[in-house]
Amino acid sequence: MTQYMLSVHHDPADDARMAAMSPEEMQEVFQAVDAFNAAVQEAGAWVFGGGLQAIDMSTTVDNTGTDAVVTDGPFAESKEYLGGFWIIEAADLDAALDWAKRGSQACRGPVEVRPFQEEPAE
Amino acid sequence: MHQVERVYREEFGRVVASLVRRFGDIDVAEDAAGEALLVALERWPELYPETGAPPNPGAWLTTTAANKAVDRLRRESHRDAKHQAALVIENPEKHQPTGVVEDDRLRLIFTCCHPARAPEARVALTLRLLGGLTVAEIAQAFLVPETTMAQRITRAKKKIAGAKIPYRVPEPADLPERLDAVLAVLYLVFNEGYLATSGDAAIRRDLTAEAIRLVRIVRHLLPERPDVAGLLALMLLIESRASTRVAGGELVPLHEQDRGGWDRSLIAEGHALVRECLARNQPDRYQLLAAINAVHTDALSAADTDWAQIAALYAQLAAIDPSPLVALNRAVAVAELDGAEVALAQVDRLPLAGYHAWHVTRAELLRRLGRSAESREAYDAALALIDNPAETAYLTRRRAQLA
């Protein structure tokens with residue numbers, strides 16, 4: 001088994017789309033994501049997952065020099081940012097892609113699939 | 001090409017596919033296959049002086065390559081026990097005999113053409129691992145530096161291991177979509193050979209031959225798939241005209257080709273496949289294009305072409321593939337049926353100003369309508385967009401013949 005990160009990236013257009021959603025539509029998305037989470041857990045593929053707070057909640061720490069520098073804001077100055085992610089266990093890429101298809105449908109956004117370098121220590 | 005190398009290339013896909021199944025590692029399989037070639041080059045001439053190759057060269061090469069791979073893994077296991085352990089875990093079928101299992105090649109094709117890689121990487125990997133072409137040959141075929149192609153192939157192979165792209169034939173539910181990706185790769189290889197986008201050769205028959213060979217393998221492994229039969233028929237019928245498509249360094253259009261020079265055996269095989277497709281009646285893009293080509297190869301002279309049939313087939317194609325390219329081809333048949341004026345009106349509506357064939361079609365229709373100045377401009381626009389010397393020569397001459 002390999003662990004894969006399924007990450008959901010947001011850009012300003014997604015934010016605008018989300019902001020324009022009615023509370024009922026929002027509720028539908030939440031329910032779809034809950035149902036997807038339940039399906040991943042039921043299949044024994046669940047490792048971890050969740051949605052992140054807005055990007056302006058982030059703080060960056062750089063301790064590569066003499067002093068640790070703490071900066072308000074994200075590391076990368078880009079319009080896109082990580083909105084949330086799942087970590088799942090799958091037999092191979094095809095199995096991970098199948099979960100990603102369902103996850104993308106549930107959260108209404110594209111999902112990036114990326115394998116972890118090594119299997120976790122037993 | 002040397003006899004041993006020819007046989008080797010034919011067998012390469014089988015050998016690699018079989019070794020990947022047994023050892024679970026593409027690099028090990030590829031290197032071992034390469035070493036087996038060196039042994040074959042050295043030993044076949046003396047072992048088989050009459051035929052130059054053993055009676056079952058695939059089995060000979062597979063066994064030799066498997067032995068080389070085992071030697072290498074033994075050597076490495078002392079150095080790299082972890083690698084060895086991983087190999088055992090990931091490949092439960094490791095201890096199966098290294099037979100020549102046809103399905104291995106099918107697995108390998110699906111691995112090479114997995115949608116998780118960019119199309120150019122799929123093409124390169126397929127030609128390398130299934131076709132047995134060297135990195136240098138593939139680089140030359142696609143006119144990129146050898147180092148670029150080597151990196152592309154290395155990256156593609158790394159992703160197979162790193163992301164765990166599976167080595168298996170997809171589930172029936174996923175097969176149509178995944179087979180589409182395989183056929184698209186093979187069609188891309190064929191088309192690059194059919195009309196090289198650049199370089200000195202107008203037609204690259206090494207590439208068309210390779211594409212046909214690989215589609216034949218898929219056809220052999222999936223004989224029930226009409227789309228595979230359709231693609232093979234399409235390639236055979238186009239290939240049947242290959243030797244008449246260029247004369248004196250100029251591209252010769254279909255209606256001017258010497259039909260006596262068409263390859264009758266390829267046509268017969270293509271027509272039989274088209275008939276098989278018609279009987280199944282599940283038309284798709286490849287089958288319809290094959291049927292259109294069959295109408296052309298059926299006509300004894302250009303004047304005998306059944307344009308009504310061709311227009312009808314293009315209309316059917318447009319219903320499943322409503323692209324402007326299909327509409328452009330259909331307009332060529334319309335010109336024969338309803339006249340150049342009707343066809344030109346259809347062509348002018350298409351958003352294809354960046355595509356040379358659109359300008360060529362306009363130039364030819366304007367010529368028929370006696371609108372020489374506009375025709376000349378259209379030839380100029382087409383010439384500005386192409387880089388194929390034979391096509392340039394043909395269009396330049398056509399342009400010069402205008403009144």
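Biologist: What makes up the contact between α11(B) and α13(B)?

Modeller: This is a predicted model. In it, B:Pro226, B:Asp227, B:Gly230, B:Leu231, B:Ala233, B:Leu234, B:Leu237 and B:Ile238 lie on the α11(B) side. They meet B:Tyr286, B:Gln287, B:Leu289, B:Ala290, B:Asn293, B:Ala294 and B:Thr297 of α13(B). By class, the contact has 10 nonpolar, 4 polar and 1 charged residues.

Biologist: Which residue is the 1 charged one, and how do you know?

Modeller: Asp, Glu, Lys and Arg count as charged. B:Asp227 is in the contact, so B:Asp227 fills that class.

Biologist: How are α11(B) and α13(B) set against each other?

Modeller: Two packed helices are described by an angle and a distance, both taken between their axes. For α11(B), residues 226–239, and α13(B), the angle is about 35° and the axes are 8 Å apart. Their crossing is left-handed.

Biologist: What do the same terms give for α1(B) and α2(B)?

Modeller: Helix α1(B) covers residues 3–23 and helix α2(B) covers residues 26–47. They pack at about 145°, with axes 9 Å apart. This crossing is right-handed.

Biologist: Which residues are involved there?

Modeller: Among those of α1(B) are B:Tyr8, B:Phe12, B:Leu19 and B:Phe23. Partners in α2(B) include B:Ile26, B:Glu30, B:Leu37 and B:Trp44. The residues of this contact divide into 18 nonpolar, no polar and 1 charged. Glu is among the charged types, so B:Glu30 accounts for the charged class.

Biologist: Where does α1(B) stand among the domains?

Modeller: The domain assignment of chain B gives domain 1 (1–98), domain 2 (101–216) and domain 3 (318–403). Domain 1 brings 13 residues to its contact with domain 2, and domain 2 brings 12. On the domain 1 side, α1 and α2 of chain B each give two or more residues. The largest share, 10 residues, comes from α1(B). By class, that side has 6 nonpolar, 2 polar and 5 charged residues.

Biologist: Why is B:Lys164 called buried?

Modeller: The cut-off is 20 or more other C-beta atoms within 10 Å. B:Lys164 has 20, so B:Lys164 counts as buried. This residue sits in the loop between α8 (146–162) and α9 (175–194) of chain B. Its phi is near 60°, a positive value in a residue other than glycine.

Biologist: And why is B:Asn281 called exposed?

Modeller: Here the cut-off is 12 or fewer. B:Asn281 has 8 other C-beta atoms within 10 Å, so the label is exposed. Its phi is positive too, near 55°. B:Asn281 is in the loop between α12 (264–280) and α13 (285–298) of chain B.

Biologist: Now chain A. What is it built from?

Modeller: Chain A has 3 helices and 6 strands. Along the sequence they read β-α-α-β-β-β-β-α-β. Of its 122 residues, 20% count as buried. The C-alpha trace spans about 45 × 45 × 20 Å along its principal axes.

Biologist: How do you know that β1(A) and β6(A) pair?

Modeller: Pairing needs at least two bridges. β1(A), residues 2–10, has 5 bridges to β6(A), so the two count as paired. They run antiparallel. A:Ser7 stands opposite A:Glu112 in β6(A).

Biologist: What makes β2 and β6 of chain A edge strands?

Modeller: The open sheet has 4 strands in the order β2-β5-β1-β6, with antiparallel pairing. β2 (46–51) and β6 (111–115) each have a single partner strand, so one side of each has no neighbour in the sheet. On average, neighbouring strands are turned by 20° against each other, direction ignored.

Biologist: What about β3(A) and β4(A)?

Modeller: β3(A), residues 59–62, and β4(A), residues 69–72, are joined by 4 bridges and run antiparallel. At least two are needed, so they pair. A:Val61 has A:Val70 as its bridge partner. The two strands form a hairpin with 6 residues between them.

Biologist: How many residues link the two chains?

Modeller: 6 residues of chain B contact 5 residues of chain A. The chain B side divides into 4 nonpolar, 1 polar and 1 charged.

Conventions: Residues are numbered from 1 along each chain as its sequence is written. Chains are lettered from A and ligands numbered from 1 in the order in which they are written. This is a predicted model: local features need pLDDT of at least 70, side-chain atom pairs count only at pLDDT 80 or more; totals for chains, interfaces and linings use all residues. Two residues are in contact if their C-beta atoms, placed from the backbone, lie within 7 Å. Axes are lines fitted to C-alpha atoms, for helices over the stretch in contact, and angles run from 0 to 180 degrees between N-to-C directions. A crossing is left-handed if the near helix is turned anticlockwise from the far one by less than a right angle, and right-handed if clockwise. Domain bounds come from an automatic or database domain assignment.
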